[in-house]
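Welcome to this tour! Keep your viewer open and get ready to select residues as we go.

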Amino acid sequence: MSFKEIIFAENAKLQPGYLSTSAKNDLFKRSKYYILFQEVKEKLQPNLAVSEEIMGYLPMTVEGNSGFMNAGPMAMGYARTSQAKQYVKTFNDTRGNRLLIFTNTRMIFLTLLDFFETGGFSSFPYDKIKGITTKKWSMRYWDEKRKRQTINWFFLDFAADTKIFNEVLTEKEMILFKENWQRIEKMRAIAETDKVLRNQKMDMLFSNLRLWFNLLQGANVLLIVLAIFLILAVLFLLGPKKTLFGGTISPIAWFLYLPQLKGFDMLFKIF
């Protein structure tokens, strides 16, 4: 910037309404997060190898990413050190803010509260990762202008030895992840796959977010079908529509009919 541009910028700061109240609040919040980020880098630095270099960062929160880290038992955390207590007080967060750090030799995952409390983090060396699992999901909706819109989000999963990482990313975050994936030499050698890879068989069941997501989707569909089935059974066997077919028995009634059992009795026996 030139000398004139600097002075003109200073003149603008002196004018009434240069920063609105909301703008000042936003600036204050950005300043707090910037200081927080510097504290994380300073605390992490002694844990890096001499030749290890940080190549990038990927932040995650409960907004846009998975919320299980900040809900129920997973959200519980201790703040006993002064740094952890100050973090909770300033940001009103327990385990919602997470950070994935890319170095030239590994990925480092940390939860900010736990990191300030114990200094703990998870390390994923690139040469220990067999493959990185990605899966795209899409949801379409109508916006307020009645235009069709699409939201894409991505499932991300990988493991190194016994440590497992799985998360849900927005489209922008997945682009950032893949940029680092292609830019870092040792990470670029890792294959992309649509299968979840684990080093221990039990982890395929208990630490497989994709499996549990698919099971949840299947359970939702089953419950919807069951609800429709019960509604039709009540309408055509017990309710006002039971005589709709003029004395004939509907196909649903044939299916439900069992000798010497009424429809209601049968439903109770099933459940």
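Which residue lies over the face of Phe 91? Select Lys 32: it lies over that face, at 5.9 Å from the ring centre. Here a charge sits over a ring if NZ of Lys or CZ of Arg is within 6 Å of the ring centre and within 35 degrees of the ring normal.

A word on the model: it is predicted, so local features need pLDDT of at least 70 and side-chain atom pairs count only at pLDDT 80 or more, while totals for chains, interfaces and linings use all residues. Residues are numbered from 1 along each chain as its sequence is written, and side-chain values use heavy atoms, with hydrogens and water left out.

Next, select Phe 124 and Phe 158. They form an edge-to-face aromatic pair, 5.2 Å centre to centre with 85° between the planes. Rings of Phe, Tyr and Trp (its six-membered ring) pair if their centres lie within 6.5 Å; planes under 30 degrees apart count as stacked, over 60 as edge-to-face and the rest as tilted.

Are these two rings buried or exposed? Phe 124 is buried, at 1% relative accessible area, and Phe 158 is buried too, at 0%. Buried means under 20% relative accessible area, exposed over 50%, partly exposed in between (1.4 Å probe, protein chains only).

Now add Phe 165, which is buried at 3% relative accessibility. The centres of Phe 158 and Phe 165 are 4.9 Å apart and their planes are at 20°, so this pair is stacked.

Finally, show Phe 102, Phe 109, Phe 177 and Trp 181 as well: ring pairs link them with Phe 124, Phe 158 and Phe 165 into a cluster.
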